Amino acid sequence: MRTSHIERKTKETEIALTLNVNGTGVAEISTGVGFFDHMLTALAFYGGLGLELTAQGDLEVDAHHSVEDIGLCFGAALAQALGKKRGINRYGSILLPMDEALILCAVDLSGRPCLRYTADIPSQKVGDFDTELAREFFQAVVNTSLMSLHIRQLDGLNSHHIIEGMFKALGRALRQAVAVTGGALPSTKGVL
């Protein structure tokens, strides 16, 4: 089924996340951060992922701990759901337009964590979301999924469009990368 369940409890956050890589794109998400819920819903929809997520965090401080820990849980769940990665496509990429924003996203489920993130987001906040937290989320996902992830903003003026384009692009790139295209391990090294 390629599913996983991750729970994380710290003094700052309490998270329960269930991921189905063979999902339908349906998400049930409650983080307490409205814009972030919207972004995770877009990620799941465009990734064809089933995602159930409840998170309680120290939002009276800010959303940093919640966003980062959710990223850690999502990345760990992805790695767990893919197991030994036998038969997956491994790579995925897209050039995604979101109105005036244009986002390049490429994924390699390589077993090696690497984030290359280039963005010039004009505003510091979108709704209740600090825009610098987009990078924090992607870094956390990379750290626990052990993927190489490149996200590059090629154009864009509207902060909402830029960030939403990033999450949608990651979803589409992941959809390609996790697709089962055979039975072999996609590596000349014999390990991912």
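At 31% relative accessibility, Arg8 counts as partly exposed, a class lying between buried (under 20% relative accessible area) and exposed (over 50%), with a 1.4 Å probe and protein chains only. The structure is a predicted model, in which local features need pLDDT of at least 70 and side-chain atom pairs count only at pLDDT 80 or more, whereas totals for chains, interfaces and linings use all residues. Residues are numbered from 1 along each chain as its sequence is written, and side-chain values use heavy atoms, with hydrogens and water left out.

A search of the whole structure yields 4 salt bridges, a salt bridge being a side-chain nitrogen of Lys or Arg within 4 Å of a carboxyl oxygen of Asp or Glu. In one of them, the side chains of Arg8 and Asp69 meet at 3.3 Å, N to O. Arg8 belongs to strand β1 and Asp69 to helix α2, so the pair ties together parts that are 61 residues apart in sequence. Helices (H or I, at least four residues) and strands (E, at least two) are DSSP runs, numbered from the N terminus. Asp69 is buried, at 5% relative accessibility. A salt bridge is also formed by Lys125 and Asp130, whose closest N and O atoms are 2.7 Å apart; Lys125 is partly exposed, with a relative accessible area of 44%. Lys168 and Glu164 form a salt bridge with their closest N and O atoms 3.1 Å apart. These two residues, Lys168 and Glu164, are 4 residues apart in helix α4 and are therefore separated by about one helical turn. Both Lys168 and Glu164 are buried.

Strand β1 (residues 3-9) runs antiparallel to strand β2 (residues 13-20), and 7 bridges join them; two strands pair if DSSP finds at least two bridges between them. Thr3 has Asn20 of β2 as its bridge partner, and a hairpin of 3 residues joins β1 to β2. Strand β2 is also joined, by 8 bridges and in the antiparallel sense, to strand β4 (residues 50-57), where Gly57 stands opposite Thr13.

Antiparallel pairing over 8 bridges likewise links β5 and β6, with Met98 opposite Ala101 of β6. The hairpin of β5 and β6 has 2 residues between the strands, and Asp99 in this hairpin takes a positive phi near 55 degrees. Side chains alternate along β5: Gly92, Ile94, Leu96 and Met98 point to one face and are buried, while Tyr91, Ser93, Leu95 and Pro97 point to the other and are not.

Most residues other than glycine have a negative phi. Arg90, although not a glycine, has a positive phi of about 80 degrees. Arg90 is placed in the loop between α2 (64-82) and β5 (91-98) and is buried, at 8% relative accessibility. Leu146 also has a positive phi, near 60 degrees, and is placed in the loop between α3 (133-145) and β10 (148-155). At 35% relative accessibility, Leu146 is partly exposed.

In soluble globular proteins, nonpolar side chains tend to be buried together. The largest nonpolar core here has 59 residues, and those with the most contacts inside it are Val107, Leu109, Phe137, Phe138 and Leu149. Such a core is a set of buried Ala, Val, Leu, Ile, Met, Phe, Trp, Tyr and Cys residues joined through side-chain atoms within 4.5 Å. Helix α4 (residues 159-178) supplies the largest share of this core, 10 residues. Leu170 is found in helix α4 and is buried, at 1% relative accessibility. Neighbours within four places in sequence being left aside, Leu170 is in contact (heavy atoms within 4.5 Å) with Leu43, Cys105, Val107, Phe138 and Leu149. With the same exclusion, the contacts of Leu149 include Cys105, Val107, Phe138 and Leu170. Leu170 and Tyr91 are 79 residues apart in sequence and 12 Å apart in space, C-alpha to C-alpha.

Arg152 lies in strand β10 and is partly exposed, with a relative accessible area of 36%. Residues up to four places away in sequence not being counted, Arg152 touches Leu102, Ile103, Leu104 and Thr118. The C-alpha atoms of Arg152 and Leu95 are separated by 9.5 Å, with their positions 57 residues apart along the chain. Leu104 lies in strand β6 (residues 101-108) and is partly exposed, with a relative accessible area of 33%.
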